[in-house]
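Biologist: I am new to this structure and would like to go through it with you, one question at a time. Could you show it to me before we begin?

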Amino acid sequence: MNDRLAARRRAVASATAEAGAGALLVTDPRNIAYLTGFRGSGGAVLVEDDGEAVLCTDSRYELQVVEQAPDVGHVISRDYVAGVLGRRRGPADAPLAVEADDLTLSAASALRGVLEQVGAAGTQVVETSGLVEQVRRAKDPVEIGLIERACRVVDESWNHLLAHGLLAENRSEREVAADLEHAMRRAGSDGVAFDTIVASGPNGAHPHHVPGDRLLAAGDLVVVDFGATVSGYASDCTRTVALGGAADRLLDAYEVVRRAQLAGVAAVRAGLACSELDAVSRGIIADAGFDGYFGHSLGHGVGLDVHEAPAVSSRSASTLSDGDVITIEPGIYLPGLGGIRIEDTVAVTGGGGRSLTTTSTALSVL
């Protein structure tokens, strides 16, 4: 038996009991992978009150489920929910918890039909939000190792992009993004963690710009936000470079963002309120005269999802703990002129913080 996965299921079973239910129906694919090891695209899992579980998937994954999830029960059927509820060992009418954030209205309606089908029409359905995700938040050493491997992929790919002159004038944002994603694949990524952002010149003022046909030009700052996945775990990194001499206001803003980012990384420690961490970097930006040009939060958790708990923002009620993996990504966005963002993935370990992305944040002038 995989003791790590069994411990996760027991933790989820305990949280399910605290929510007032006797079992949890898991339908989110990442949560299924977290609890069983199975990484197929379709399935459902039922976690009982003792942490035992049964997984249903279809015939496409009949061999894969045996290889990836050998220590849970298996049902092969396209009726995922009926498959697991039909194997429920606890009282059929005991309260059943569901992942409300993943369950669509049509799926909720279908669930009622399945409960009738298995003789449990009167079962109370308990809606939960973030139940498994809260268990996922604290990463064990194996998980941190996988995230660090995903960070090494982005480091290697970024160095490749710079060394081969692929970030250069007269190349389109789209071309640069494609080259970077190809480099990540070659470096060992299973896929991109999110859609790659390449935002050049004035497009850099849009934090989530979609790479287009604009050609990189002399004087541009270019914001590149990218991430890889390794065994399901994500990395997240942003670097900003200059193509030749940029406007003084952009260069000034770059140094402010860099100071804010370095201060944020240095401040990371267990026990620090996420809102206080956000204030460290945000205060530096505001004091430099760029208040109002940094609208998003300082960061977020990273794991199986590239955005997960804890939120690192002024509104966050979370406190950092050992095992958290977060991003520190301040930015300044100047409409019509350009933008800057610098981001690292940081692990909270041993009471402090350790950056898992390691390429230089000093301004590269290409």
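Biologist: Which residue of β6 does Val98 stand opposite?

Modeller: This is a predicted model, and in it strand β5, residues 96-99, is joined to β6, residues 125-128, by 4 bridges, with the two strands running parallel. Within that pairing, the residue of β6 that stands opposite Val98 is Glu127.

Biologist: Which residues make up the uncovered face of β6?

Modeller: In a regular strand the side chains alternate between the two faces of the sheet. In β6 the covered face holds Val126 and Thr128. The uncovered face of β6 is made up of Val125 and Glu127.

Biologist: Which strands are the edge strands of the open sheet that contains β12?

Modeller: This open sheet has 4 strands in the order β8-β9-β12-β20, and the pairing is mixed. An edge strand here pairs on one side only, and the two strands that do so are β8 (197-200) and β20 (364-365).

Biologist: What is the bridge partner of Val241 in β20?

Modeller: Strand β12, residues 237-242, pairs with β20 in the parallel sense, and 2 bridges connect them. In β20, the residue that partners Val241 is Ser364.

Biologist: At what angle to β8 does helix α8 run?

Modeller: Helix α8, which spans residues 173-187, lies across both β8 and β9, the latter covering 221-226. Relative to β8, the helix runs at about 150°.

Biologist: Is Leu161 buried or exposed?

Modeller: Leu161 is found in helix α7, residues 141-163. Leaving aside residues up to four places away in sequence, Leu161 touches Leu166, Leu167, Val176, Asp179 and Leu180. The C-alpha atoms of Leu161 and Asp179 are separated by 7.5 Å, although the two residues are 18 residues apart along the chain. Because its relative accessible area is 0%, and a value under 20% counts as buried, Leu161 is buried.

Biologist: Is α9 roughly parallel or roughly antiparallel to α10?

Modeller: Helix α9 (residues 248-267) packs against helix α10 (residues 274-290) at an angle of about 160°, and their axes are 8 Å apart. Since angles over 145 degrees count as roughly antiparallel, the relation of α9 to α10 is roughly antiparallel.

Biologist: How many nonpolar residues does the contact of α9 with α10 have?

Modeller: The crossing of these two helices, α9 and α10, is right-handed. On the α9 side the contact includes Val256 and Ala260, and on the α10 side Leu277 and Ile284 are among the residues met. By class, the contact of α9 with α10 has 2 polar and 2 charged residues, while the nonpolar residues number 11.

Technical notes:
Residues are numbered from 1 along each chain as its sequence is written. This is a predicted model: local features need pLDDT of at least 70, side-chain atom pairs count only at pLDDT 80 or more; totals for chains, interfaces and linings use all residues. Side-chain values use heavy atoms; hydrogens and water are left out. Axes are lines fitted to C-alpha atoms, for helices over the stretch in contact, and angles run from 0 to 180 degrees between N-to-C directions. Angles under 35 degrees count as roughly parallel, over 145 as roughly antiparallel, 65 to 115 as roughly perpendicular and the rest as oblique. A crossing is left-handed if the near helix is turned anticlockwise from the far one by less than a right angle, and right-handed if clockwise. Contact means heavy atoms within 4.5 Å. Ala, Val, Leu, Ile, Met, Phe, Trp, Tyr, Cys and Pro count as nonpolar, Asp, Glu, Lys and Arg as charged, and the others, Gly among them, as polar. Buried means under 20% relative accessible area, exposed over 50%, partly exposed in between (1.4 Å probe, protein chains only). Two strands pair if DSSP finds at least two bridges between them.
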